[in-house]
Amino acid sequence: MSISAVKGFRDGLGPAACVSRQIEDAAAGVLRGYGFDEIRLPILERTELFARAIGETTDIVEKEMYTFEDRDGTLITLRPEGTASVVRALVEHHLDQKDPITRLYYTGPMFRHERPQKGRHRQFYQVGAELFGREDPLADAEVLACARDVLDAVGVRGARMLINSLGDGACRPAYRDALQAWGIARRDRLCKNCARRVDKNPLRLLDCKDPKCREATADAPLLKDHLCGECDDHFARVRSLLDALGVAYEVDPRLVRGLDYYVRTTFEITADGLGAVAAVGAGGRYDGLVAQLGGPKISGIGFAFGVDRLALALEAAQPGAEDRAAESLAPAVFIAVLGADAEAEALALARKLRRLGTRVELDGGRSLKSLMRRADRLGAGRVLIVGEEEVAARRGTLRDMIEKRDDKLAVDFDLDGEALLLAVGVEP
Ligand SMILES: [Zn+2]
Ligand SMILES: [Zn+2]
C-alpha cells in the first residue's frame, strides 16, 4: 500500500510551487530594498519560547502547536510563527550591540494544528520582517508602507489595510479592565467562546466573528477613546505620514490581535479570494517582547504575510498566475538525441546552453516522432535535433514547433554565448 501525506500537509507541485517562489522572491526583493537582511531560522524551538512570547492563553499555544519531547526530554515545538524566533536570535547573538537598529526578514514554513480549509494548511509558508530599535512613528509608517509595497510587488491589487492602535502599558490595562467589566456584566449575551475568554483575554471580544456576539458587543467601549496622550499622538503621526505617502488604509477600532505582545500600531491586510480566512498578512508593534524574552529593552515592529494566501489573493486579482507560471516552466529548447553516437555532442550542447541560463530539456533513446510528441506536450518553442548526420556535420537541425518547419543543420555546435542563443532562437 502506498503512503499519503499527513492530513493538512501538502506538496507544492509544478506551477503552484513556481507561483509560491515568485511571491517569496518579489517580497524578498522589496524587503531588501527597505534594508532588511535575511535571517534563516530553525524550524524547531524550545516550547517555552512560544509560551512566553505568544502567551499561554492564546489559541496558538493552547491548541495549535506541534509540540513533542526530543530524545533528551527537551520539550520542542515546530515554529507556529516567526517573530518569536527572530527575537530569540536577536537576544542570543546580541545583534543590538553591533547596531542599535536591526532589520531582519525571513521566509519559510510554519506549523499550526488547525482545521484545514481553503487558504489554511497545517504547514504554511510565511514571509515576514521585523524592525528593532525604533520607537518613533516614522518606523511604523515605513513598515506599513513596506507591507503595501510587498503587496504591489506580488501583484495583489485591491487589498485593504486595516490599522488600529492597541495602546501601551500606560493606557491599555485600565481599558482592558473596563472592557472586561463591561463584558462580564453581559456574559449571558456573549457567544460561548467569548463568555469563557472574557475572564482571561477580554480584548478578543472585539474581533469575535459570531454575528450574535458582534451584535451584543456593538456598543462595547473602544480603545481609541481610552488611549493616553502619547499613544494618541503616535497613532495620529503614523496616519498623517501614511496620508502624505498616499498609502491607503482604514482605521478599524475593533482590530485586536491574538498575540499578547502587541502595543500601539497594529494592522491586518485583507484581500478578495480567500473565503473565510480574509487576512493575507498582519503585523504590529511589540515594544515589550524583546525584554520579555530576556533581552534588553528594545522596541520592535514587524509583519508577516501568508504565502499561500498571497497566492489566492493574486489569483483573484490577476487570474491565471499558475498558467503563466506553467508557461515559464516550458523548456526554451528541447534537444532530441537520435542514437548513441549523438549523445556526447547533444549533452555538451545542452550544458553550454544551460550554463547560459537557458532552460533545456534533453531526451533521447526513442523515435523522433515520440520525442516530438513530448516536446509539444512540454510546450517547447524549438527542438534541436542531434542525430548521426548532425554529428558528422557538427551542426544541429532546428525545428520550429509553431510553424512545424525544419531548418536543416542550422546550428553550428562550435558557437557559444550570444551567438549560440541567437542560433537556437532564444533571446539573449
Ligand atoms: Zn464571541
Ligand atoms: Zn498609551
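1. A good place to start is a pair of helices: the axes of helix 1 and helix 6 (residues 137-154) come within 9 Å of each other and cross at roughly 140°. That angle makes helix 1 oblique to helix 6, and the crossing of the two is right-handed. Please keep in mind while reading that this is a predicted model.

2. It helps to look at who takes part in that contact. Helix 1 brings Ile23, Ala26, Ala27, Gly29 and Val30, while helix 6 brings Cys146, Asp149, Val150, Ala153 and Val154. Sorted by class, the residues of this contact divide into 8 nonpolar, 1 polar and 1 charged.

3. Helix 6 has a further partner to visit, helix 10. These two pack at an angle of about 45°, with their axes 8 Å apart, which makes helix 6 oblique to helix 10. Helix 6 passes helix 10 in a right-handed crossing. On the helix 6 side you will find Pro137, Leu138, Asp140, Ala141, Leu144 and Ala145, and they meet His234, Arg237, Val238, Leu241, Leu242 and Leu245 in helix 10. The class count for this contact is 9 nonpolar, 1 polar and 2 charged residues.

4. Now for the sheet of 8 strands. This sheet is open, its strands follow the order 1-5-6-11-10-9-7-8, and the pairing is mixed. At the edges are strand 1 (37-38) and strand 8 (250-251), each of which pairs on one side only. Helix 1 (residues 14-33) packs on this sheet, where it touches strand 5 (102-111), strand 6 (123-132) and strand 11 (300-306). The direction of helix 1 makes about 0° with that of strand 6.

5. If you follow the order to its strand 8 end, you can look at one pairing in detail. Strand 7 (residues 160-165) and strand 8 run parallel and are joined by 2 bridges. Ile163 stands opposite Val251 in strand 8. Strand 7 also meets a helix: helix 10 (residues 229-245) lies across strand 7 and strand 9 (263-270), and its direction runs at about 35° to strand 9. As a general reminder, the strands of a sheet pair through backbone hydrogen bonds, either parallel or antiparallel.

6. There is also an open sheet of 3 strands, in the order 2-4-3, and here the pairing is antiparallel. Strand 2 (44-46) and strand 3 (66-69) stand at the edges with a single partner strand each, so one side of each is left without a neighbour in the sheet. On average, neighbouring strands of this sheet are turned by 35° against each other, direction ignored. Strand 2 and strand 4 (residues 75-78) run antiparallel and are joined by 3 bridges. For a landmark, find Arg46, which stands opposite Ile76 in strand 4.

7. Which strands does helix 2 lie across? Helix 2 (residues 47-54) lies across strand 2, strand 3 and strand 4, and runs at about 75° to strand 2. Helix 2 also comes up against helix 4 (residues 83-92): their axes come within 10 Å and cross at roughly 105°. Helix 2 and helix 4 are therefore roughly perpendicular to each other. Leu49, Phe50, Ala53 and Ile54 of helix 2 make this contact with Ala84, Val87 and Arg88 of helix 4. By class, the contact has 6 nonpolar, no polar and 1 charged residues.

8. Finally, a step back to the whole chain. The domain assignment gives domain 1 (14-171 + 227-322) and domain 2 (330-423). How many Å separate the centres of domain 1 and domain 2? Taken over C-alpha atoms, the centres are separated by 47 Å.

Conventions:
Residues numbered from 1 in each chain as written. Chains lettered and ligands numbered in written order. Predicted model: local features only at pLDDT ≥ 70, side-chain atom pairs only at ≥ 80, totals over all residues. Pairing = 2+ DSSP bridges. Helix = DSSP H or I, 4+ residues; strand = E, 2+ residues; numbered from the N terminus. Contact = placed C-beta atoms within 7 Å. Axes fitted to C-alpha atoms, helices over the stretch in contact; angles between N-to-C directions. Parallel < 35°, antiparallel > 145°, perpendicular 65-115°, else oblique. Left-handed = near helix turned anticlockwise from the far one by under 90°. Nonpolar A, V, L, I, M, F, W, Y, C, P; charged D, E, K, R; others polar. Domains from an automatic or database assignment.
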